[in-house]
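This report describes the secondary structure, sheet topology, helix packing and salt bridges of one protein model. The model is shown first, and the terms are defined where they are needed.

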Amino acid sequence: MNVGILTFHFSDNYGAALQAYALRRWLTEQGHRASFIDYRPAHIERGGRLSLPTSPARLKANVKVAYLALSSFVHQHFGHPGQRDKFQRFREQYLGIGRATAPGDPLASLAAARAFDLIVAGSDQIWSPSQHFGFDPNYFLAFAESFGARKIAYAASFGRDQVSPGEAAQLPYLLQHFDAISVREASGVALVERATGQPPANVPDPTLLHSDYSALTERAPAPHHGPYVFCYGLRSPDNIRPSAECVSRELGCPVLSPHNPHRRWPEIGHTVYPDPGEWVSLVQHAQFVVTNSFHGTVFALLFRKPFIVAGLTGEKASANARALNLLRAVGLERRFAAGFSAPNVRSLVASDIDWADVEQRLAAMRHTGQAFLHAQLEAVVPGEARPLPRRPAPPRVAREVLQ
């Protein structure tokens, strides 16, 4: 069958690239043709349009737009060119996509999705409402309402454990386009069930559909370092910096951190510039992993690396839901540190992990995800015309939707 995937395939972000790789790889391993719908909306990484600052909320949204536009400009023109090129080569080699095919019109690629038998929205934080744009209805497949393809969500994430009342009111309209819904976090199950009256499936991130990443790591050169602590931090240096430095002192080895183009703080340890495959290899060869990232946690588990999840703090703490849900699922909540405590870090460095139990739980999660996808593939009748009745969406939702 011909399967289309709509996700954040275009981002120079390790988690985004690897979840896209993992989902496409699983589908192709089942014998299907899987390709990405090359939708690259400006509001995701380049900020998008400014609005009239008629309220404090809109003024704050404009600040976010300006910040994203500036960050994108700096990354493209003053960022590390080798790393940008590495991400592009990874997308070409492992995702089967080149540069943007329609940079001037992000909706043009959505029209081509009529050719698919199955359209999969997900995974990643595709349902995370941004401060400056809100929900993007295209990631809820609003553009494909009249298409004949079967439409599903696989391991979609809201990126947080709750949404505002106004955002929750939009979800019944947004979620009506799907034939089947699955989400990544238990908190997402509750959000979807309240919106639709039906509990969605709770499935693992696509990266957990696989236990073997040798196709990536065998091509990546082994790190030319002795023992090291791998530190993968996003959004904030609070908690993760002192945690990584404490682990480094305990183990007597340096800290390696991959470059983060959005970093606004001094580097933690020694900065390296891997592509996504090399990033996986760095996790595989690390003595210890310190992260505040969901996918950093995933690969520490897959490679059986001792680790600490240094929780995000303050306003960013809601983003901890993704890693916390995963840690609860594998029985390792104790590896989460909400704040820095040197005695707690030393205790976690010294404590063992029951990897046999973790692997058993991961295998059960893997089976759940694969079973969901198998069921959705079996439900597809290629070429069958199955348009849904069109229902008007609220004006607040209908933004940049293909008509």
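## Conventions

Helices (H or I, at least four residues) and strands (E, at least two) are DSSP runs, numbered from the N terminus. The model is predicted, so local features need pLDDT of at least 70 and side-chain atom pairs count only at pLDDT 80 or more, while totals for chains, interfaces and linings use all residues. Residues are numbered from 1 along each chain as its sequence is written, and side-chain values use heavy atoms, with hydrogens and water left out.

## Helix 4

Helix 4 covers residues 81-95. The expected span of a helix is 1.5 Å times one less than its number of residues; for the 15 residues of helix 4 this gives 21 Å, and the end C-alpha atoms, 20 Å apart, agree with that value. Gly96 follows helix 4 and has a positive phi, near 70 degrees.

Gln83, Arg84, Phe87, Gln88, Phe90, Arg91, Tyr94 and Leu95 of helix 4 are buried, where buried means under 20% relative accessible area, exposed over 50%, and partly exposed in between (1.4 Å probe, protein chains only). Viewed down the axis of helix 4, these buried residues fall within an arc of 160 degrees, so they line one face of the helix. The arc is that of the directions from the helix axis to the C-beta atoms.

## The sheet of strands 1 to 6

Six strands make up an open sheet with parallel pairing, in the order 2-1-3-4-5-6. Its edge strands are strand 2 (33-36) and strand 6, each of which pairs on one side only. Two strands pair if DSSP finds at least two bridges between them. Strand 1 (residues 2-6) is joined in the parallel sense to strand 3 (residues 118-121) by four bridges, and Gly4 stands opposite Ile119 of strand 3.

Two helices lie across strands of this sheet. Contact means heavy atoms within 4.5 Å; axes are lines fitted to C-alpha atoms, for helices over the stretch in contact, and angles run from 0 to 180 degrees between N-to-C directions. Helix 1 (residues 14-29) lies across strand 1, strand 2, strand 3 and strand 4 (150-156), at about 160 degrees to strand 2. Helix 14 lies across strand 1, strand 3, strand 4, strand 5 and strand 6, at about 170 degrees to strand 4.

## The sheet of strands 7 to 12

An open sheet of six strands follows the order 9-8-7-10-11-12, and its pairing is parallel. Strand 9 (270-272) and strand 12 (336-337) are the edge strands, each pairing on one side only. Strand 7 pairs with strand 8 over two bridges, and Phe230 has Leu256 of strand 8 as its bridge partner. Three bridges connect strand 10 (residues 288-291) with strand 11 (residues 307-310); Thr291 stands opposite Val309 in strand 11.

In a regular strand the side chains alternate between the two faces of the sheet. In strand 7, Val229 and Cys231 point one way and Phe230 and Tyr232 the other way, and all are buried. Helix 10 (residues 276-285) lies across strand 7 (229-232), strand 8 (255-258), strand 9 and strand 10, running at about 135 degrees to strand 7.

## Helix 14

Helix 14 comprises 24 residues (355-378), with an expected span of 34 Å; its end C-alpha atoms are 34 Å apart, in agreement. Its buried residues include Trp355, Leu362, Phe372 and Leu377.

Within helix 14, Asp357 and Arg361 are four residues apart, about one turn of the helix. Their side chains meet in a salt bridge (2.9 Å, N to O), a salt bridge being a side-chain nitrogen of Lys or Arg within 4 Å of a carboxyl oxygen of Asp or Glu. Asp357 is partly exposed at 26% relative accessibility, and Arg361 is partly exposed at 34%.

## Other salt bridges

The whole structure contains eight salt bridges. In one of them, Asp205 meets Arg184 at 3.0 Å, N to O. This pair links distant parts of the chain, 21 residues apart: Asp205 lies in the loop between strand 6 (201-202) and helix 8 (214-217), and Arg184 in the loop between strand 5 (180-183) and helix 7 (186-196). Asp205 is buried, with a relative accessible area of 1%, and Arg184 counts as buried at 8%. Arg184, Glu185 and Asp205 are linked in a network of salt bridges.

Arg40 forms a salt bridge with Asp38, with the closest N and O atoms 2.7 Å apart. Both Arg40 and Asp38 are buried.
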